[in-house]
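Work through these short exercises with the model in view. Try each task before you read its solution.

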Amino acid sequence: DHELLRNLILTGQLGYGHDSYNAIDRTDKRWNLGVSATYLMNRRVGVNVGFNHFDQKSDGLQQGPDFKVNRATLALILQY
């Protein structure tokens with residue numbers, strides 16, 4: 001997290017996963033990248049905007065499906 005301004009918070013995420021399975025020929029690799037910004041209008045109300053990219057690749061004789069997911073979010077934050 002980075003507080004760019006007093007009421008504007010930026011967040012970044014980066015992740016990697018590697019799975020090897022016992023007794024089957026399969027390896028999965030996953031990447032995750034995300035960014036978001038939260039704007040606080042006051043102590044109780046804010047807005048969050050974010051984007052997340054997820055990528056999975058599978059190898060081996062019993063491989064699973066390869067896929068990519070892009071997700072955009074918009075959220076209203078109420079804090080009490």
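**Exercise 1. Find the salt bridge between R26 and D28, then classify both residues as buried or exposed.**

Step 1. The side chains of R26 and D28 form a salt bridge, with 3.0 Å from N to O. The term means a side-chain nitrogen of Lys or Arg within 4 Å of a carboxyl oxygen of Asp or Glu.

Step 2. Apply the accessibility classes: buried is under 20% relative accessible area, exposed is over 50%, and partly exposed lies in between (1.4 Å probe, protein chains only).

Step 3. R26 has a relative accessible area of 21%, so R26 is partly exposed. D28 has 2%, so D28 counts as buried.

A note on the source: this is a predicted model, where local features need pLDDT of at least 70, side-chain atom pairs count only at pLDDT 80 or more, and totals for chains, interfaces and linings use all residues. Residues are numbered from 1 along each chain as its sequence is written, and side-chain values use heavy atoms, leaving out hydrogens and water.

**Exercise 2. How many salt bridges does the rule give, and which parts of the chain does the R30 and D19 pair link?**

Step 1. The count comes to two salt bridges.

Step 2. R30 and D19 meet through their side chains at 2.7 Å, N to O. This pair links distant parts of the chain: R30 sits in strand β3 (residues 27-40), D19 in strand β2 (residues 8-20), and they are 11 residues apart.

Step 3. R30 is at 23% relative accessibility, so R30 is partly exposed. D19 has 26%, so D19 is partly exposed too.

**Exercise 3. List the secondary structure in order.**

Step 1. Use DSSP runs, numbered from the N terminus: helices are H or I of at least four residues, strands are E of at least two.

Step 2. The protein has zero helices and five strands. From the N terminus the order is β-β-β-β-β.

**Exercise 4. Compare the protein with a compact globule.**

Step 1. Take the radius of gyration over C-alpha atoms; the globule rule is 2.2 Å times the number of residues to the power 0.38.

Step 2. For 80 residues, a compact globule would come near 12 Å, but the protein has 18 Å.

Step 3. Check the box along the principal axes: the C-alpha atoms fill roughly 55 × 20 × 20 Å.

Step 4. Turn to burial. Buried residues make up 16% of the 80 residues.
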